[in-house]
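Subject: Handover of a structure and the findings on it

Dear colleague,

Please find below the structure that I am handing over to you. My findings follow directly after it, arranged by region.

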Amino acid sequence: MGSQILDQLKRDKILDLLKTGKRIDGRALDEQRPLVIETGVIPKANGSARVKLGDTEIITGVKIQPDKPFPDLGDKGILICTAEILPLADPNAEPGPPNEEVIELARVVDRGIRETEMIDLHQLVLIENKSVIGMFIDSSVIDSGGNLFDACSYASVAGILSCSVPKYEIKNEVPVLVEGVTSKPPIKTLPVSVTMARIGDYIIIDPTRDEESCMDARITITTNSDGNICAVQKGGSDGFTAEQLLQCSEMALVVGRKIRKQFEQLM
Amino acid sequence: MVKIMTQLMTEDGIRCDGRRLDELRNISIKVGVLKNADGSAYIEFGKNKILAGVFGPRDVHPKHMANPDSGILRCRYHMSPFSVTERKNPAPSRREIEISKVIKEALQPAVILKDYPRTVIDVFIEVLQADGGSRCAALDAAAVALADAGIPMRDLVSACAAGKVADRIVLDVNNEEDQEGQADMPVALMPNMGKITLLQLDGMLKPEEFKTCMQTALVGCKRVYEVQRKALMEKYFQNGEQ
């Protein structure tokens with residue numbers, strides 16, 4: 001329980017700095033940490049990315065294989081994003097079934113990519129109601145330095161952008177892989193997730209691990225290339241005012257544009 | 001797409017269940033419906049039928065979860081296997097675990113946990129029948145159950161969703177609108193403190209629509225608050241008067 005005293009001391013220090021307009025790592029309140037994206041890091045996967053957002057590091061692999069469609073969605077391919085925190089990534093992470101934080105992380109990353117309609121799932125249908133292409137985007141946190149939501153989202157998007165989708169031919173109603181022929185995935189838009197934390201009266205973007213340990217509340221907003229807001233998740237044990245949330249939505253759009261430029265270079 | 005839109009809304013803005021754009025479904029709340037729980041509530045919100053029971057403050061098990069400086073809040077949102085069209089596996093799904101977490105975080109700012117170090121307050125929510133907006137209805141019942149348990153609170157928590165259906169912003173999205181509509185935004189508000197403690201969105205909204213949608217949901221939250229308040233008054237003050 002000693003960590004609670006430490007967290008309180010950290011909070012006092014972080015809040016004192018915020019009052020003078022500074023953050024513990026010297027960033028501006030609305031400044032993200034540098035984002036480094038490397039793709040094609042796992043050649044056995046159909047797409048992959050290694051992403052560093054400050055001290056947070058993620059590896060994402062995309063696997064593509066024929067699958068049966070969901071019963072009520074026979075005209076759409078399958079897209080599933082997952083995320084996990086590996087035990088080597090965090091002293092508090094434990095092997096075994098995922099806890100509620102990890103489940104929330106995976107679902108928020110999935111929601112961002114699904115709700116922006118990044119991929120045209122209609123183009124992943126092989127035989128309507130029978131056979132479709134499934135894309136499985138699995139992210140592993142390998143070093144946990146705060147803001148896993150954005151880092152996993154960026155790694156998932158980068159992994160998808162780096163994908164080579166294998167070609168399947170239908171023979172006797174069964175999909176058969178055509179060797180050596182691939183195409184780019186059907187991308188419609190680029191989702192960008194932006195997470196902000198509230199500490200006292202201050203809203204900061206891209207919180208570090210220390211900032212997260214003492215934040216009051218958190219908000220993750222995902223926007224698409226047209227400047228629409230497509231997914232939101234509030235977290236943390238306190239709330240926001242309506243004005244703060246509108247301010248956050250504007251910040252998400254502005255920061256989103258910068259990150260989207262970085263994604264465009266991967267296309 | 002056009003076919004779906006005509007089903008969801010008529011041209012003069014009447015929705016598939018006959019409501020206007022800014023109309024809530026029927027809500028009724030009963031307080032103190034369980035004998036064993038320290039506090040409880042039953043809500044009917046449209047076709048949602050949800051029970052909430054609160055136990056505590058009480059000893060924490062497992063013990064290592066206890067916090068020497070403050071009480072802790074735990075929350076379980078669970079759907080009965082018979083609550084939806086296709087039988088639901090009774091084991092908690094990933095969706096239910098996520099909803100349990102966001103409901104806990106929506107209630108936490110309202111509960112004065114500092115007064116009860118080393119203890120836990122457990123909130124159990126059972127969705128007996130599910131309709132659209134079950135997380136909001138569950139949250140509304142849970143907040144009333146916490147108040148019924150006599151737990152000191154800074155404010156109630158009132159929740160309601162808004163969304164986008166057939167290109168228009170609507171209040172209180174029902175099941176059909178949730179499935180076929182363009183956006184769903186559940187919001188929870190501490191009405192007297194003006195603090196938003198839950199906000200989620202899936203769908204697609206322009207920035208102006210995001211603002212309108214949030215404001216629409218907040219109006220809904222305030223109307224829900226009146227129903228919650230009246231339900232508590234009915235139990236604790238005869239004739240609904242203080």
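I begin with chain B, where helix α3(B) lies across strands β1, β2 (39-45), β3, β4 and β5 of the chain, its direction making about 150° with that of β2(B). Please note that this is a predicted model.

The sheet beneath this description is an open one of five strands with mixed pairing, and its order is β1-β2-β3-β5-β4 in chain B. Its edges are formed by β1 (27-31) and β4 (72-79) of chain B, each of which pairs on one side only. On average, neighbouring strands in this sheet are turned by 15° against each other, direction ignored. Within the sheet, β3 (residues 48-59) and β5 (residues 119-129) of chain B form an antiparallel pair with nine bridges. In that region L51(B) stands opposite E126(B) of β5(B).

Helix α3(B) also contributes to the nonpolar core. The largest such core holds 146 residues, and the members that touch the most others are L107(B), V123(B), A141(B), A142(B) and V187(B). Helix α3(B) supplies eleven residues, the largest share of this core. As a general point, nonpolar side chains in soluble globular proteins tend to be buried together. Leaving aside residues up to four places away in sequence, A142(B) touches A52(B), I103(B), L107(B), V123(B) and I125(B).

A helix pair deserves separate mention. The axes of α3 (residues 134-148) and α5 (residues 207-236), both of chain B, come within 11 Å and cross at roughly 35°. The crossing of α3(B) with α5(B) is right-handed. On the α3(B) side the contact is made by D140(B), A143(B), V144(B) and A147(B), and on the α5(B) side by V224(B), Q228(B), A231(B) and L232(B). Sorted by class, this contact of α3(B) with α5(B) comprises six nonpolar residues, one polar and one charged.

A further sheet involves both chains. Eight strands make up this open, antiparallel sheet, in the order β10(A)-β9(A)-β11(A)-β12(A)-β9(B)-β8(B)-β6(B)-β7(B). Its edge strands are β10 (202-205) of chain A and β7 (168-171) of chain B, each pairing on one side only. From one strand to the next, the twist averages 20°. Strand β6 (residues 158-165) of chain B pairs with β7(B) in the antiparallel sense over four bridges, and V165(B) stands opposite R168(B) of β7(B).

Helices from both chains pack on these strands. In chain A, helix α3 (residues 148-161) lies across β9 (192-199) and β11 (217-223), running at about 175° to β9(A). Helix α5(B) packs on the sheet as well, touching β12 (229-235) of chain A and also β6, β7, β8 (183-190) and β9 (195-205) of chain B; its direction makes about 145° with that of β6(B).

Finally, is N129(A) buried or exposed? N129(A) counts as exposed because it has 12 C-beta neighbours inside 10 Å, and 12 or fewer is the cut-off for that class. This residue is placed in the loop between β5 (125-127) and β6 (131-143) of chain A. N129(A) touches P69(A) and G74(A), not counting residues up to four places away in sequence. The C-alpha atoms of N129(A) and P175(A) are separated by 13 Å, the two residues being 46 apart along the chain.

Yours sincerely

Note on methods:
Residues numbered from 1 in each chain as written. Chains lettered and ligands numbered in written order. Predicted model: local features only at pLDDT ≥ 70, side-chain atom pairs only at ≥ 80, totals over all residues. Axes fitted to C-alpha atoms, helices over the stretch in contact; angles between N-to-C directions. Helix = DSSP H or I, 4+ residues; strand = E, 2+ residues; numbered from the N terminus. Left-handed = near helix turned anticlockwise from the far one by under 90°. Contact = placed C-beta atoms within 7 Å. Nonpolar A, V, L, I, M, F, W, Y, C, P; charged D, E, K, R; others polar. Pairing = 2+ DSSP bridges. Core = buried A, V, L, I, M, F, W, Y, C linked by C-beta atoms within 7 Å. Buried ≥ 20, exposed ≤ 12 C-beta atoms within 10 Å, placed from the backbone.
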